[in-house]
Amino acid sequence: MLQRRFLQVDVFGAEPYEGNPVAVVVDGEGLSTERMQRVAAWTNLSETTFLLPPTDPAADYRVRIFTPGTELPFAGHPTLGSAHAWLAAGSTPAAEGRLVQECGVGLVELRESGGRWSFAAPALRRYEAPDDATLARAVDALGLEPADVVDASWLDNGPPWLGLRLRSREAVLAVRPRFADLGDLHLGVVATPGSEGTAVEVRAFGTDFSEDPVTGSLNAGLAQWLTDTGVVSAPYVAAQGTALGRAGRVHVTEADGRLWVGGRTTTAIAGTVAL
């Protein structure tokens with residue numbers, strides 16, 4: 001086994017330790033998929049990532065992203081945490097203030113503005129209303145009534161999110177899911193306005209992670225849906241993690257004709273891991 005550089009990064013916190021942690025193995029070369037998955041199960045965080053040299057010459061680095069149970073083609077807070085770790089390790093991007101990450105969905109561009117990094121929201125692979133049976137199943141699993149849901153849409157940008165817009169922030173914070181009934185559904189709930197002057201309040205649920213403190217991929221999908229339907233306009237700030245005692249803040253901006261999703265990143269743990 002080798003001693004490999006390791007960081008645990010807090011992502012999207014309004015202050016350090018108020019966001020969502022991600023574990024990053026800075027040097028992932030030579031590790032098998034099975035080994036990576038075992039490490040991710042051991043860290044038991046929502047995601048663990050492994051940095052690798054890119055295979056695409058347009059990318060600055062490549063990342064593989066694992067939950068405790070499976071590999072993901074893309075995830076938001078691991079994207080920002082991995083970029084933070086890559087830069088903290090002394091790496092230099094090809095273009096100042098810009099990064100290109102290679103991952104399962106392809107190339108994801110990141111930009112720096114005002115000391116905060118953001119990723120370009122990936123294109124939605126599925127963007128349509130759910131069928132009646134799926135929506136009814138989601139509503140029931142969340143302990144809601146049909147009248148609680150104002151709108152719903154698939155927001156699949158790697159993780160297969162189904163977004164439900166509820167009537168109020170209070171309704172979002174009152175959700176008490178029956179996780180055994182979620183099955184394979186990954187559900188995001190949202191309402192306007194959010195906590196402490198933010199534009200929206202967000203929560204994310206799935207059987208493989210229960211409730212996620214702050215979720216970049218979901219917020220990226222919500223950003224497209226909510227701006228397309230005129231519920232909010234960019235720039236805006238989303239609150240997530242309130243129900244878990246966190247203060248996640250996701251900053252959504254628009255530039256170059258695209259939506260960008262960003263937030264604060266802070267090194268919480270730095271050292272080595274024997275792998």
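This report looks at one helix and a handful of salt bridges in a predicted model.

**Helix H2**

Let's start with helix H2, which runs over residues 76-88. How far apart are its end C-alpha atoms? They sit 18 Å from each other. That agrees with what you'd work out on paper, because 13 residues at 1.5 Å a residue should span 18 Å. If you try the sum yourself, remember that the expected span is 1.5 Å times one less than the number of residues.

Is H2 mostly covered or mostly open? It's mostly covered, with eleven of its 13 residues buried. The buried set starts with a run you can trace in the structure: Gly76, His77, Pro78, Thr79 and Leu80 are among them. Gly81, Ser82, Ala83, His84, Ala85 and Trp86 are buried too. After the helix comes Gly90, and its phi is positive, near 95°.

**Salt bridges**

Now for the charged side chains. How many salt bridges turn up in a search of the whole structure? The count is 14. Here are three of them, with the distance between the closest N and O atoms.

| Acidic residue | Basic residue | N to O distance |
|---|---|---|
| Asp256 | Arg98 | 3.4 Å |
| Glu128 | Arg126 | 2.9 Å |
| Asp140 | Arg178 | 3.0 Å |

Take the bridge between Asp256 and Arg98. Asp256 is in the loop between strand S15 (248-255) and strand S16 (258-263), while Arg98 belongs to strand S6 (residues 98-103), so this pair ties together parts that are 158 residues apart in sequence. Asp256 is exposed, at 53% relative accessible area. For a residue to count as exposed, that value has to be over 50%. Arg98, at 27%, counts as partly exposed.

The pair Glu128 and Arg126 also meets through side chains. Both ends have some open surface: Glu128 is partly exposed at 41%, and Arg126 is partly exposed at 33%.

Then there's Asp140 with Arg178. What does this bridge tie together? Asp140 lies in helix H3 (residues 132-141) and Arg178 in the loop between helix H4 (169-173) and strand S11 (186-191), so the two parts being linked are 38 residues apart in sequence. Asp140 is partly exposed, with a relative accessible area of 44%, and Arg178 is partly exposed at 37%.

Some salt bridges share partners, and in this way Arg98, Glu109, Asp256 and Arg258 are joined into one network. You've already met two members of that network, Arg98 and Asp256, as a bridged pair.

Technical notes. Residues are numbered from 1 along each chain as its sequence is written. This is a predicted model: local features need pLDDT of at least 70, side-chain atom pairs count only at pLDDT 80 or more; totals for chains, interfaces and linings use all residues. Side-chain values use heavy atoms; hydrogens and water are left out. Helices (H or I, at least four residues) and strands (E, at least two) are DSSP runs, numbered from the N terminus. Buried means under 20% relative accessible area, exposed over 50%, partly exposed in between (1.4 Å probe, protein chains only). A salt bridge is a side-chain nitrogen of Lys or Arg within 4 Å of a carboxyl oxygen of Asp or Glu.
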